[in-house]
Amino acid sequence: MNSGERQPMNFPPRIEQAKQLANRVAALIQMGMKGEDVIVPKEIKEERMDICKKCEYLYESKSSDNFDRCIACGCLLKVKTQISVEKCPKDKWGQYKTLPKK
Ligand code: SF4
């Protein structure tokens, strides 16, 4: 399905996006304090992005900088798919548990 066939959808309100971002930053700080990796392996990022590229909630950027976003949560996908504590808001992919650094 290409973007031209999709029903128009709106991003969540900015206040909701800001709350989600604050929660993620707090989770990342906690992980950092525990010495856990916050970035997933490359293959996990690619798996997640492959799912997003086929999703009806994908907002495809018109720019060549790959600013594709998720309409369901408003996130920038090239960032969201790299962060271990991130998960799909529609349960299409989940969090990735990393082990503490040695
Ligand atoms: S994060 Fe989930 S809902 Fe959003 S574009 Fe990716 S697969 Fe779709």
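Which residues is cysteine 52 in contact with, leaving aside its neighbours within four places in sequence? In this predicted model, the partners of cysteine 52 are Leu58, Cys70, Leu77 and Thr81.

## Overall fold

Let's step back to the whole chain. The protein has 3 helices and 2 strands, and along the sequence these elements run in the pattern α-α-β-β-α.

Of its 102 residues, 15% count as buried. Taking contacts between residues at least 6 apart in sequence, 55% join residues at least 24 apart.

## The nonpolar core

Cysteine 52 also belongs to the largest nonpolar core. This core has 5 residues in all: Cys52, Cys70, Cys73, Cys75 and Leu77. Two of these names, Cys70 and Leu77, are already familiar as contacts of cysteine 52.

## Around the ligand

Here is the ligand shell, which you may want to have on screen. From the earlier part of the sequence come Ile51, Cys52, Cys55, Tyr57 and Leu58; the shell also includes Cys70, Ala72, Cys88, Pro89, Lys90 and Lys92.

By residue class, the shell holds 9 nonpolar and 2 charged residues, with no polar ones. Cys52 and Cys70 thus turn up both in the core and around the ligand.

## A look at glutamate 56

Glutamate 56 sits in the loop between α2 (42-53) and β1 (58-59). Is this residue buried or partly exposed? Glutamate 56 counts as partly exposed because it has 13 C-beta neighbours inside 10 Å, while a buried residue would need 20 or more.

Isoleucine 71 lies 15 residues away from glutamate 56 in sequence, and their C-alpha atoms are 8.8 Å apart in space.

Notes. Residues are numbered from 1 along each chain as its sequence is written. This is a predicted model: local features need pLDDT of at least 70, side-chain atom pairs count only at pLDDT 80 or more; totals for chains, interfaces and linings use all residues. A nonpolar core is a set of buried Ala, Val, Leu, Ile, Met, Phe, Trp, Tyr and Cys residues joined through C-beta atoms within 7 Å. A residue is buried if 20 or more other C-beta atoms lie within 10 Å of its own, exposed if 12 or fewer, and partly exposed in between; C-beta atoms are placed from the backbone. Two residues are in contact if their C-beta atoms, placed from the backbone, lie within 7 Å. A residue is near a molecule or strand if its C-beta atom, placed from the backbone, lies within 6 Å of it. Ala, Val, Leu, Ile, Met, Phe, Trp, Tyr, Cys and Pro count as nonpolar, Asp, Glu, Lys and Arg as charged, and the others, Gly among them, as polar. Helices (H or I, at least four residues) and strands (E, at least two) are DSSP runs, numbered from the N terminus.
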